[in-house]
Amino acid sequence: MPNIKSAKKRVLVNKATNSALKTAIKKANAAIEANDAAKADAVKVAVKKLDQAAAKGLLHKNNAAHKKSQLVNKLNKSN
């Protein structure tokens, strides 16, 4: 755990961003599996969160690209 105040804040922001990202991915997967009408919107939100996480350095860009590819392929197969 960091000792410096700014580092503690950064950890909290990163934790919140990671949590939001995981939630968005889970919602997108659930929408695809349930064949929800808004599944494309859920995937769009998840892709945006993945891009934001990669831009902030929370995920490696290839990791984000892989996760996006998996989501979009799953969405396309469900149609």
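Visitor: How many salt bridges does the count come to here?
Guide: Happy to help, and keep in mind that this is a predicted model. Side chains of opposite charge can pair when their charged atoms come close. One such pair joins Glu33 and Lys74, and another joins Asp51 and Lys68. By this rule the count comes to two.

Visitor: How many residues apart in sequence are the parts that Glu33 and Lys74 tie together?
Guide: The side chains of these two residues meet at 3.1 Å, N to O. Glu33 sits in helix α1 while Lys74 belongs to helix α3, so their salt bridge links parts whose separation in sequence is 41 residues.

Visitor: Is Glu33 buried or exposed?
Guide: A residue counts as exposed when its relative accessible area is over 50%. Glu33 has a relative accessibility of 62%, so the label that applies is exposed.

Visitor: Which helices do Asp51 and Lys68 lie in?
Guide: Their closest N and O atoms are 2.6 Å apart. The salt bridge ties together parts that are 17 residues apart in sequence, because Asp51 lies in helix α2 and Lys68 in helix α3.

Visitor: Which elements give two or more residues to the largest nonpolar core?
Guide: This core has 16 residues, and Leu21, Val43 and Leu71 are among those that touch the most other members. The elements contributing two or more residues are α1 (5-33), α2 (39-56) and α3 (61-78).

Visitor: Which residues does Ala46 touch, leaving out those up to four places away in sequence?
Guide: Ala46 is also among the core residues that touch the most other members. With those sequence neighbours left out, its contacts are Leu21, Ala24, Ile25, Ala28 and Leu71.

Conventions: Residues are numbered from 1 along each chain as its sequence is written. This is a predicted model: local features need pLDDT of at least 70, side-chain atom pairs count only at pLDDT 80 or more; totals for chains, interfaces and linings use all residues. Side-chain values use heavy atoms; hydrogens and water are left out. A nonpolar core is a set of buried Ala, Val, Leu, Ile, Met, Phe, Trp, Tyr and Cys residues joined through side-chain atoms within 4.5 Å. Buried means under 20% relative accessible area, exposed over 50%, partly exposed in between (1.4 Å probe, protein chains only). Helices (H or I, at least four residues) and strands (E, at least two) are DSSP runs, numbered from the N terminus. Contact means heavy atoms within 4.5 Å. A salt bridge is a side-chain nitrogen of Lys or Arg within 4 Å of a carboxyl oxygen of Asp or Glu.
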